[in-house]
Protein chains: 2
Amino acid sequence: MNQQTDYTEQIIQQAKNAWAAQNKTVSKFLNKYDDAVYENEIAPGRNRAVYLLGHLVAVNDGMITLLGLGDRLFPHLDEMFIKAPDKTVNDIPSVATLKQNWEALNEALTHRFSQMTTQDWMGRHTSVSEEDFVNEPLRNKLNVLISRTNHQSYHMGQLNLLQA
Amino acid sequence: MNQQTDYTEQIIQQAKNAWAAQNKTVSKFLNKYDDAVYENEIAPGRNRAVYLLGHLVAVNDGMITLLGLGDRLFPHLDEMFIKAPDKTVNDIPSVATLKQNWEALNEALTHRFSQMTTQDWMGRHTSVSEEDFVNEPLRNKLNVLISRTNHQSYHMGQLNLLQA
C-alpha cells in the first residue's frame, strides 16, 4: 500500500468521522430535555424541534437508497417531514418514536458505511446517471455524505435555539 | 499519476467545493436584505445576524493561522465576535464593513487554498504538536476545512431564520 492509498482511505475516514461527530451532537441534544420539550418551536412561529428531528431522520434515511445500500428503514417519513412543512400533517410519530428511529438509523448507517470500500465511496450515487457521472465524477457517494453532514449541522444550529 | 493519487486530489477538491458552496450560500444571504435588516436578532432574544456575520468572519479568518498561511486579515474581530457574546460590546463594525471583510476574506482564502498541495492539506494544523500528530494524523489541515464548513452550515441554519 503506497502513501497515496493511505491518504484516500484516511480522508474518507475523516469524512465519516465528521458525520459521526454530527450524529453524536444530535443524539446528545435529544437527551437534553424531557420529550415534551421537543414539541416546542425552535423560535416563535418556526419549525418545532420534533419536525426537524423527523426531517433529519427522513433525509438521512434517504442516504440508504442514494448510496445503493438496500432498503430504507423509514420511507413513510418523507411525506410528513420532507414533502410537507411543519404543522400541516396531523398525525406525526411521537418524539419517543422518532428518537428510536434516529438511533436505529444511525446504527444501520454506521454498519453499512463500515462495509463500503474506497471504490464504493468514489462511485456515483444513484441519482446521477452513468453518462453524467463521466463528466461530473465529483457527484460520488462521498459527496452525499459530505453534504448530508453539512445539512445536519445546518439544522443543529436551529435545534440549539430550543428552550425548555 | 495513478488512480489513488487522482482520488486524493479529487476528494480534497470535493472538500474545497463544499466549503465554497457554503461561502456562496452566505454571500447570497448577505445580498438578500438591506443592511439595516442584519441588525435584527435571528429570533427574539437571540444573536443578531450582524453578530453571526462577524463571528463567521473571525472564525474563518482564524484558519489563516491554523493552516499556516500567513498573517490574518482581521484578528481584531476575535475580541468582539468570538470571546464576547452578542450585545456586550458597544462598538462593533457596521454591517457594510463586515460584508466587505467577508468578501475580502473569501478571496484571500480561496487564493491561498489554491496554492496548497495535497501534502499541505495532509499536514498537521498549527494547534497540534508534532508529537500529537504522530498519533492523531487525522488532525490535519483538511480537517480544519471540513469542520469550518460544518460550522458555517450551523450558523447559516440560524441566519436563515432572520426576518425583514
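This is a short chat about a predicted two-chain model.

User: What scores does the model get for ipTM and pTM?
Analyst: Both ipTM and pTM are 0.95. Chain A has a mean pLDDT (the predictor's confidence in each residue, from 0 to 100) of 95, with 96% of its residues at 70 or more. Local features need pLDDT of at least 70 and side-chain atom pairs 80 or more, while totals for chains, interfaces and linings use all residues. Residues count from 1 along each chain, chains are lettered from A, and side-chain values use heavy atoms, without hydrogens or water.

User: How does chain B lie on chain A?
Analyst: A 180° turn with a 0.0 Å shift along the axis gives an RMSD of 0.0 Å, by least squares on C-alpha atoms of residues with pLDDT of at least 70 in both. The two copies are thus related as by a two-fold rotation axis. In chain B, the C-alpha of B:Tyr154 is nearest that axis, at 2.1 Å.

User: Switching topic, what does B:Leu142 touch?
Analyst: Leaving out residues up to four places away in sequence, B:Leu142 touches A:Ile11, A:Gln14, B:Ile12, B:Ala15, B:Trp121 and B:Met122. Contact means heavy atoms within 4.5 Å.

User: And how many aromatic pairs are there over all chains?
Analyst: Twelve, counting Phe, Tyr and Trp (six-membered) rings with centres within 6.5 Å; planes under 30 degrees apart are stacked, over 60 edge-to-face, the rest tilted. A:Phe29 and A:Tyr33 have ring centres 6.3 Å apart and planes at 90°, so they pair edge-to-face.

User: Is A:Phe29 buried or exposed?
Analyst: Buried, at 4% relative accessibility. The cut-offs are under 20% for buried, over 50% for exposed and partly exposed in between, with a 1.4 Å probe and protein chains only.
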